[in-house]
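Student: I've got a protein structure to go through and I'd like some help reading it. Can we take it one question at a time?

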Amino acid sequence: MPAKLFDFQKQLVDWAVRKGKAAIFADCGLGKTPMQLTWAENIVRKTNSSVLILTPLAVGHQTVKEGEKFGIGCRRSTDGKFKKGIVVSNYERLHYFNPSDFSGVVCDESSILKSFDGSIRGKITEFMRRIPYRLLATATASPNDYTELGTSSEALGQLGHMDMLNRFFKNDSNNSAVGRKYGEVVKWRFKGHAETPFWQWVCSWARAIRKPSDYGFDGSNFVLPELIEREKVIEIKTIPDGYLFSVPALGLFEQRQERKRTLVERCEEAASIANGNKNENFTVWCHQNDEGDMLEKLIPDSVQVSGKDSDESKEEKFDDFTSGKTRVLITKPKIGAWGMNWAHCHRSIYFPSHSFESYYQAVRRHWRFGQNNPVEVDLILTPGERLVMDNLRRKADKAVKMFENLIREMNRSMEIGNDTKFKLREEMPSWL
């Protein structure tokens, strides 16, 4: 147990090591990297084998640096070749490795698994299934839907996703349908009196923490600066066909049309903010290729990281922004919103979408423990995207409730002692 770990980190690591297959849902900046490195080092010493740490793109080198800081040896591998010990690689490189070579695996920012297509996600789950020791680490376990916790449970060898749904939840059709039915997403809700048992079950394999005081520890060193969120509702030069004025876009189709129709106005507003503050670094988060390309043209000293870039090119561009060589970084949340530590930057521009997790992760690249300045986020939206913002706020409230439930049940489970105070010494029968 490295001496540099904080007291709450030591407690989390101790629990996860003893558990063997566990999940740590710790907020951004609380030190998930040193915790998972310490867990991996304990598994290596226990089994005299190797542990694979899987990270999002461009996060691997940060993990190696953290290992050096805490005196834990680890090496990166992108081709499947490695020496025994702790090996760090990207999720995209998993096909180079053989699960029989490892006794443990760590999924850093494990919630990113939902961003991969079904085949890649299935391969990751299958890879983990063959390994005895497993650790998931993320800040956003399931911000949109509690049922998403089933993917984490299944990866750890607990209840499968469908088994979890059928035990604790039900849908209107009283069957096991998932996905869409008649064009509508099948919605699951808690069974009667099942909510408390559900959180108790989650706490049997997971620990959640937003701040050290959740465990009763001193949190004076973990105080977040102010978060300033500004909604910029821009004026639209055009109106939808058949309308006299702009109206809220009700469905996903109308919202996509709204984005296409207002592309120029939204990008010009974002560029005016970034170009008007030349002395400050910015991240600009978009969701469409057309948005990224136009923003790159309108902001002269910007660099775009897009899906067409090679993995090596993406890492190089991310490193340039981290080191301060690039002032403005333009990318999509699904490419760069996981795992990076950009506390050197406190300005961000975001085009809202329905994904609260994407927004949460994008903002948390800057608004994290270790940030010294108030973080400013400019949310650029049109009059027709008001419903999108309402949906984001609803999901934010649900995420807060999830963490409150987890932490409440977690503290209850920690209060249950396993000590027995028998005073009499056992006596063996004479015939044994």
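Tutor: Sure, and let's start with a term: a residue is buried when its relative accessible area is under 20%, exposed when it is over 50%, and partly exposed in between. Keep in mind that this is a predicted model.

Student: Is Cys203 buried or exposed?
Tutor: The cut-off for buried is under 20% relative accessible area. Cys203 has a relative accessible area of 3%, so Cys203 is buried.

Student: And what about Cys74, buried or exposed? How many disulfides does a search of the whole structure find?
Tutor: Cys74 has 10% relative accessibility, so Cys74 counts as buried too. A disulfide is a covalent bond between the sulfur atoms of two cysteines. To count here, the sulfur atoms must be within 2.5 Å. Searching the whole structure gives a disulfide count of zero.

Student: Let's zoom out. How many helices and strands does the chain have, and what percentage of its residues is buried?
Tutor: The chain has 14 helices and 17 strands. It is 432 residues long, and the buried share is 51%.

Student: Which residues touch the most other members of the largest nonpolar core, and which helix gives the most to it?
Tutor: In soluble globular proteins, nonpolar side chains tend to be buried together. The largest nonpolar core here has 70 residues, and Phe25, Phe169 and Phe198 touch the most other members. The helix that gives the most to this core, with six residues, is α2.

Student: How many residues are in the second, separate core?
Tutor: Its members include Ala58, Trp342, Leu381 and Ala399. The size of this second core is 29 residues.

Student: Now charges. Which side chain of opposite charge is nearest to Arg368?
Tutor: Arg368 sits in the loop between α13 and β17. Arg368 is buried but has no salt bridge. A salt bridge needs a nitrogen and a carboxyl oxygen within 4 Å, and the nearest side chain of opposite charge is 6.5 Å away: Glu109.

Student: Which side chain does the side chain of Arg368 make a polar contact with?
Tutor: Leaving out residues up to four places away in sequence, Arg368 touches Cys28, Gly29, Leu224, Met340 and Asn341. The side-chain polar contact, at 3.3 Å, is with Asn341.

Student: How many salt bridges are there, and what is the N to O distance between Asp214 and Arg210?
Tutor: The count comes to 20 salt bridges. In one of them, Asp214 is buried at 10% relative accessibility, while Arg210 is partly exposed at 23%. Their side chains meet with an N to O distance of 3.7 Å.

Student: How many residues apart in sequence are the parts that Arg230 and Asp378 tie together?
Tutor: The side chains of Arg230 and Asp378 meet in a salt bridge at 2.9 Å, N to O. Arg230 lies in strand β12 and Asp378 in strand β17, so the pair ties together parts whose separation in residues is 148.

Student: Which strands hold Arg347 and Glu376, and which residues do shared salt bridge partners join into one network?
Tutor: Arg347 and Glu376 meet in a salt bridge at 3.7 Å, N to O. Arg347 lies in strand β16 and Glu376 in strand β17, so this pair ties together parts that are 29 residues apart in sequence. Arg347 counts as buried at 6% relative accessibility, and Glu376 counts as buried at 18%. Salt bridges with shared partners make one network of Arg230, Glu280, Arg347, Glu376 and Asp378.

Definitions and conventions. Residues numbered from 1 in each chain as written. Predicted model: local features only at pLDDT ≥ 70, side-chain atom pairs only at ≥ 80, totals over all residues. Heavy atoms only, no water. Buried < 20%, exposed > 50% of the residue type's maximum accessible area, 1.4 Å probe, protein only. Helix = DSSP H or I, 4+ residues; strand = E, 2+ residues; numbered from the N terminus. Lys, Arg positive; Asp, Glu negative; His and termini not counted. Polar contact = N/O pair within 3.5 Å; in protein donor to acceptor, adjacent residues only side chain to side chain. Contact = heavy atoms within 4.5 Å. Core = buried A, V, L, I, M, F, W, Y, C linked by side-chain atoms within 4.5 Å.
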